[in-house]
Amino acid sequence: MKKLMVGMALTATLATAVTPGFGSIGGNQEKAYAATVTYKVTASKLNVRSGAGTTYGIIGSVVKGQTLSVMSKSGSWYKINYNGRTGYVSSDYVQASGTATPPAESTTYTVTASKLNVRSGAGTNYASIGSVTKGQKLSVVSKSGSWYKINYNGRIGYVSSDYVQASGTTTAPTTPPAESTTYIVTASTLNVRSGAGTNYTSIGSVTKGQKLSVVSKSGSWYKINYNGRTGYVSSDYVQASATASPKLVVDSFKTLGNAQQVILVTADNYDTKSAKIQTFEKVDGKWKQVLTANGVLGQKGFALSKKEGDMESPTGKYTVGTAFGRYENPGTKLPYRKITANDVWVDDSKSSLYNTWQQKPANGRWTSAENMDIPAYDYGFVINYNESRTPGKGSAIFFHVGTNYTAGCTATSKEQVVSILKWLNPEKNPVIIQSPVSELDKY
């Protein structure tokens, strides 16, 4: 099988610690990266947007093999210099390698537990995406309740603050700003000082109503980004208020019906085999994101009109079928079927058993069928595609284990497949939506 090829690399030289200028601080707080980091595009074509999210307009695109001038990272988006202007690209389709470190802070965050899980969200109900060990230093972005949001191997993760020791060089403890918080000046004019105290010199001022880019808090002083340098303002004259949680992509979907669990599989365009997999669950009437993972599609990407043997994955919204695997049930609530050496999926369009799970021998019932007893099907579930079994429209469409490409299914790592299987609950009417990002408004 072909492995996804990567293109040329660019060494990004960054001197700034945190993106300068004023702006509200939140879950998408930008963190600049140190030098000796290379960034390379892995998707066939990757949209460049005007902001850090798929809701922002497209201002152009970059292609596989193109090198990027990365300025900073904002959540799961890279801020780049694009033809002399600022743009944003999804970090899921950019490979960063080298020594990537956030700017130095006056506080260090050290793991105190022997082994501490890194989770995809701020809570033990979120999936583990890895772990850190005792004595390890963490790159903390912000704090959300009793959880630290961290940069973990180029992606966002969360660790419990109960097992992290924060220590700094200032006389008062320093804490990262809370997520989803805006900081607004309430005084007519507020001095910005070179240190956390009135005994430090004034390096400028901010005015009433101005929003501040807060890095951390030290006692009764906020450490801020001020015109490209570090400054401090008294917290007595700054109002910190929580803002509404950012809107999730599923919040705008109108075709979900009674579905309370959604697996969303997206790609930048029809031609790429690289995919982003996200899971969402409705809790107390509100959608919550559970997991984000990288995945792969058919070798030729998404299909405009799926056909048998085209090596493309179908787009659309489908229900989730039977779970399967070559081993015992890993803990899924879905109906589970253990694969045997005789199990096959019929892909013969002329057979009356087309697009069904059967057992050998064929005895003339079909002329071709896909063997199910293979490593790719260690675990997975059936995507209920072509349930009418229309000849030639495609068969054996699964969500399964894989990291290169598929013949028309959707795949991700075994760890993520098992995590999703354990999460899926048939009582919540789960669905899977597969689509290029540009066509999500269909749902």
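Contact here means that heavy atoms lie within 4.5 Å. Welcome to a short tour of this predicted model, where local features need pLDDT of at least 70, side-chain atom pairs count only at pLDDT 80 or more, and totals for chains, interfaces and linings use all residues. Residues are numbered from 1 along each chain as its sequence is written, and side-chain values use heavy atoms, with hydrogens and water left out.

**View 1. T189 and its contacts in strand β19**. Strand β19 covers residues 189–193, and T189 is part of it. (Strands are DSSP runs of E with at least two residues, helices are runs of H or I with at least four, and both are numbered from the N terminus.) Setting aside neighbours within four places in sequence, T189 is in contact with S205 and V206. T189 counts as exposed because its relative accessibility is 52%; exposed means over 50% relative accessible area, buried means under 20%, and partly exposed is in between, using a 1.4 Å probe and protein chains only. Look also for Y237: it is 48 residues from T189 in sequence, with 9.4 Å between their C-alpha atoms.

**View 2. T181, a buried residue in strand β18**. T181 sits in β18, which spans residues 181–185. With a relative accessible area of 8%, T181 is buried. Along the chain, T181 and S241 are 60 residues apart, yet their C-alpha atoms are separated by 5.4 Å.

**View 3. The loop between β33 and β34**. Two backbone features can be found here. The peptide bond from K360 to P361 is cis, with omega near 5°, and P361 belongs to the loop between β33 (357–359) and β34 (369–371). N363 is in the loop between β33 and β34 too, and its phi is near 50°, a positive value in a residue other than glycine. N363 is exposed, as its relative accessible area is 66%.

**View 4. N386 in the loop between β35 and β36**. Is N386 buried or exposed? N386 is buried, because its relative accessible area is 6%. The loop that holds N386 runs between β35 (379–383) and β36 (398–401). Phi of N386 is positive, near 50°, in a residue other than glycine.

**View 5. The largest nonpolar core**. A nonpolar core is a set of buried Ala, Val, Leu, Ile, Met, Phe, Trp, Tyr and Cys residues joined through side-chain atoms within 4.5 Å. This one has 30 residues, and I263, V265, F381, F399, I420, L424 and I432 touch the most other members. Elements that each supply at least two residues include β25 (261–267), β35, β36 and α1 (414–423). The most comes from α1, with 5 residues. Zoom in on I263: beyond four places in sequence, the residues it touches include I277, F381, F399, W423 and I433.

**View 6. Where the model is less certain**. pLDDT is the predictor's confidence in each residue, from 0 to 100. The protein averages 83, and 84% of the residues score at least 70. Over residues 99–106 pLDDT stays under 50, and the model has 26 contacts there beyond four places in sequence. Residues 169–173 also stay under 50, with 8 such contacts.
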